[in-house]
Amino acid sequence: MEIVEYENMYRNERDHYFYVATHQLVLSLIEKYAPTPKKQLKILDAGCGTGLLAQKMSKMGRVEAIDFSPEAVKFSKRRKIKVQQASIEKLPFPDDSFDVVVSIDVLTAASIKNDQVALREFNRLLKPGGILIMRVSAYPWLKLIHDKHVHMRHRYERVELFNKLNKANFATEKLSFIHSFLFPLIIVRHLWENFIKPKESKSAVGKIHPLLNSFLTKLLLFEAKLFLKINLPFGLGLVSVSRKK
C-alpha cells in the first residue's frame, strides 16, 4: 500500500461508510460464530492497518495485532493497540494461541508471496474450533485504479477461496459476496477507467459529502444485517467465516 494511504485511512476510517459497515459486520460475525464466551476471547487482527478495528474488537476480548507495514504499526500504536510488525506468512505466536483471527483485505496484498502459507499460519494459531474471519476483494477481472494504489496482488473467485480454505484445514461455515449494493456503481467506474486509462493510481477512500456518506453508511449497515441471514449473489468482495477443524 502507498504510505500516504495509511494517513488517509487514519483520518477517514472512523466515519467513512466502507469502514463503519465493514467493522460492524466483523463484530457481528464474532458475536455469532465465536467459540467461547464474549469478553473472554483472544483475538488476532492479522493486518490491522491503522488499528481502529482492533480497538473496537477490544470490547470483545484481548486483542493483539500485526501488520507488515511499519507505517501501519506507527498509526496503530497511536490508538494504544498491542501491535507488532510481522507478515501473515510468518506469524510470531505459538500454536493454538487465539479463539478468533480476523484478516480484512490482507490476503490480496502484493506483499503476500504465498496465500496458502498464510492460511496455514492462521490455522496454526487458532485453537481447535476457533474461527477465521476474512474479507478479500472479488473477481479477478474487476481491476480498478484503487487496486494499484493499495498494491493489490489478486482478486478471488468464490470457489477459489473456498478451495484454499479447505486445503488449509478449515471448515467454511459462511462464504458470501459483500458490498452488493455498491457493485453496479463500481462496474460503471471500472468501464470508465478502462475507457480513459488514467496513468496515475488514486485511492477510493477520502472525504465525501456528509449526506452521501450518511446514506451509504445506512445502506451498507443494512446490507451487513442481511449478510448475517443470507448469502449475497455478487459484490465487490468476499467475506468468509471458517472454523479450524
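The questions below ask how several descriptions of this predicted model follow from its computed values.

Q: What makes the contact between Glu-64 and Lys-82 a salt bridge?
A: The closest nitrogen and oxygen of the two side chains are 4.0 Å apart, and because a salt bridge asks for a side-chain nitrogen of Lys or Arg within 4 Å of a carboxyl oxygen of Asp or Glu, the pair of Glu-64 and Lys-82 is counted as one. It belongs to a set of 12 salt bridges in the structure.

Q: Which parts of the chain does the pair of Glu-64 and Lys-82 tie together?
A: Glu-64 lies in strand S2 (residues 61-67), whereas Lys-82 lies in the loop between helix H4 (70-78) and strand S3 (83-85), so the salt bridge joins parts that are 18 residues apart in sequence.

Q: Why is Glu-64 called buried, and why is Lys-82 called exposed?
A: Glu-64 has a relative accessible area of 12%, and because buried means under 20%, Glu-64 is classed as buried. Lys-82 reaches 52% relative accessibility, and since exposed means over 50%, Lys-82 counts as exposed.

Q: How do you know that Arg-135 and Asp-105 form a salt bridge, and where do the two residues lie?
A: Their closest N and O atoms are 2.6 Å apart, and because the limit is 4 Å, Arg-135 and Asp-105 qualify as a salt bridge. The pair links distant parts of the chain, with Arg-135 in strand S5 (residues 126-137) and Asp-105 in the loop between strand S4 (98-104) and helix H5 (115-125), 30 residues apart.

Q: Is Arg-135 buried or exposed, and what makes Asp-105 partly exposed?
A: Arg-135 has a relative accessible area of 5%, and because buried means under 20%, Arg-135 is buried. Asp-105 stands at 28%, and since partly exposed covers the range between the 20% and 50% cut-offs, Asp-105 is called partly exposed.

Q: Where in the fold do Arg-124 and Glu-121 meet in a salt bridge?
A: Both residues lie in helix H5, three residues apart, which is about one turn of the helix, and their side chains meet at 2.7 Å, N to O. Arg-124 is partly exposed, with a relative accessible area of 23%, whereas Glu-121 is buried at 13%.

Q: Which residues line the largest cavity, and what makes the lining five nonpolar, two polar and one charged?
A: The lining consists of Ala-21, Thr-22, Leu-25, Ile-178, His-179, Leu-220, Glu-223 and Ala-224. Because Ala, Leu and Ile count as nonpolar and Glu as charged, while Thr and His fall among the others, which are polar, the lining divides into five nonpolar, two polar and one charged. Helix H2 (17-33) and helix H9 (210-227) each supply at least two of the lining residues, and the volume of this cavity is about 30 Å³.

Q: Why is Val-100 called buried, and which residues is Val-100 in contact with?
A: Val-100 has a relative accessible area of 0%, and because buried means under 20%, Val-100 is buried. This residue belongs to strand S4, and beyond its neighbours within four places in sequence its contacts include Ile-30, Leu-41, Ile-43, Leu-126 and Ile-131.

Q: How many of the 245 residues of the protein count as buried, as a percentage?
A: Of the 245 residues, 56% are counted as buried, in a protein with nine helices and seven strands.

How values were computed. Residues are numbered from 1 along each chain as its sequence is written. This is a predicted model: local features need pLDDT of at least 70, side-chain atom pairs count only at pLDDT 80 or more; totals for chains, interfaces and linings use all residues. Side-chain values use heavy atoms; hydrogens and water are left out. Helices (H or I, at least four residues) and strands (E, at least two) are DSSP runs, numbered from the N terminus. Buried means under 20% relative accessible area, exposed over 50%, partly exposed in between (1.4 Å probe, protein chains only). On a 1 Å grid over the protein atoms alone, a cavity is a set of points where a 1.4 Å probe fits but cannot get out, and a pocket is an open set with protein on both sides within 12 Å along at least five of seven lines; lining residues have an atom within 4 Å of a point. Grid points are joined across faces, edges and corners, and a volume is the space filled by probe spheres set on the points. Contact means heavy atoms within 4.5 Å.
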